[in-house]
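Q: Got a minute to go through this one with me? I'd like to start with one residue and work outward.

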Amino acid sequence: MPSRRRVPVAAGRVALASWVADPEGADRTTTATAVRFSLEELGARAPGRSVEVRVPPFGVVQCIEGLQHRRGTPPNVIETDAATWLALVVGTLDPATAAGEGRLRVSGTRADLTAYLPLFPDPDGR
């Protein structure tokens, strides 16, 4: 059963569109809302518990079907900063480039989000 959303969809879309319009000028609250909304959306689109996606300090989600971990550090982890995550989410950055630049840390054989990114190729509806 998917977890309930903590960020209302409308508020998440507004925050994401605001971040896209001015990534450098987005305040912490807007960035946090956009990150949390997009992580929740990833969890809804790729339900499961085999991969953990971390965007400190704003949020984390477990996603993708497969073997689950129960305790400790999961075997499949993806971690990045908020700006990199949101760029991946909207498609202005691809995972291979982010990983090559050291902005996306990936561990584990199942830690691959290329089938799910970008989540919002047109976040502002244009």
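Q: Is Glu-52 buried or exposed?
A: This is a predicted model. In it, Glu-52 is buried: its relative accessible area is 11%, and the cut-off for buried is under 20%.

Q: What does the side chain of Glu-52 make a polar contact with?
A: The side chain of Arg-54. The distance is 2.7 Å.

Q: Which strand is Glu-52 in?
A: Strand E1, residues 51-55.

Q: How many residues of E1 are buried?
A: Four of the five. E1 is mostly covered.

Q: OK, pairing next. How many bridges join E1 to strand E2?
A: Five. E2 covers residues 59-63, and the two strands run antiparallel.

Q: What joins E1 to E2 along the chain?
A: A hairpin, through three residues.

Q: Which residue in E2 does Glu-52 stand opposite?
A: Gln-62.

Q: And the bridge partner of Val-51 in E2?
A: That is Cys-63.

Q: What about E1 and strand E3: parallel or antiparallel?
A: Parallel. Three bridges join E1 to E3, which spans residues 77-80. One pairing to look at is Val-53 in E1, whose bridge partner in E3 is Ile-78.

Q: Switching to helices. How many residues of helix H3 are buried?
A: Eight of its nine residues, so H3 is largely enclosed by the rest of the structure. The helix runs over residues 82-90.

Q: Which ones are buried in H3?
A: Ala-82, Thr-84, Trp-85, Leu-86, Ala-87, Leu-88, Val-89 and Val-90.

Q: What covers the buried residues of H3?
A: The cover includes helices H1 (9-21), H2 (28-45) and H4 (95-100). It also includes strands E1, E3 and E4, the last of these at 104-107. That brings us back to E1, the strand that holds Glu-52.

Q: Now the ends. What does Asp-81 do at the start of H3?
A: One of its side-chain oxygens reaches to within 3.1 Å of the backbone nitrogen of Ala-83.

Q: And which residue follows H3?
A: Gly-91. Its phi is positive, near 90°.

Q: Good. Quick recap on E1?
A: E1 runs antiparallel to E2, with five bridges. It runs parallel to E3, with three. Glu-52 is buried in this strand, and its side chain contacts that of Arg-54.

Methods. Residues numbered from 1 in each chain as written. Predicted model: local features only at pLDDT ≥ 70, side-chain atom pairs only at ≥ 80, totals over all residues. Heavy atoms only, no water. Buried < 20%, exposed > 50% of the residue type's maximum accessible area, 1.4 Å probe, protein only. Polar contact = N/O pair within 3.5 Å; in protein donor to acceptor, adjacent residues only side chain to side chain. Pairing = 2+ DSSP bridges. Contact = heavy atoms within 4.5 Å.
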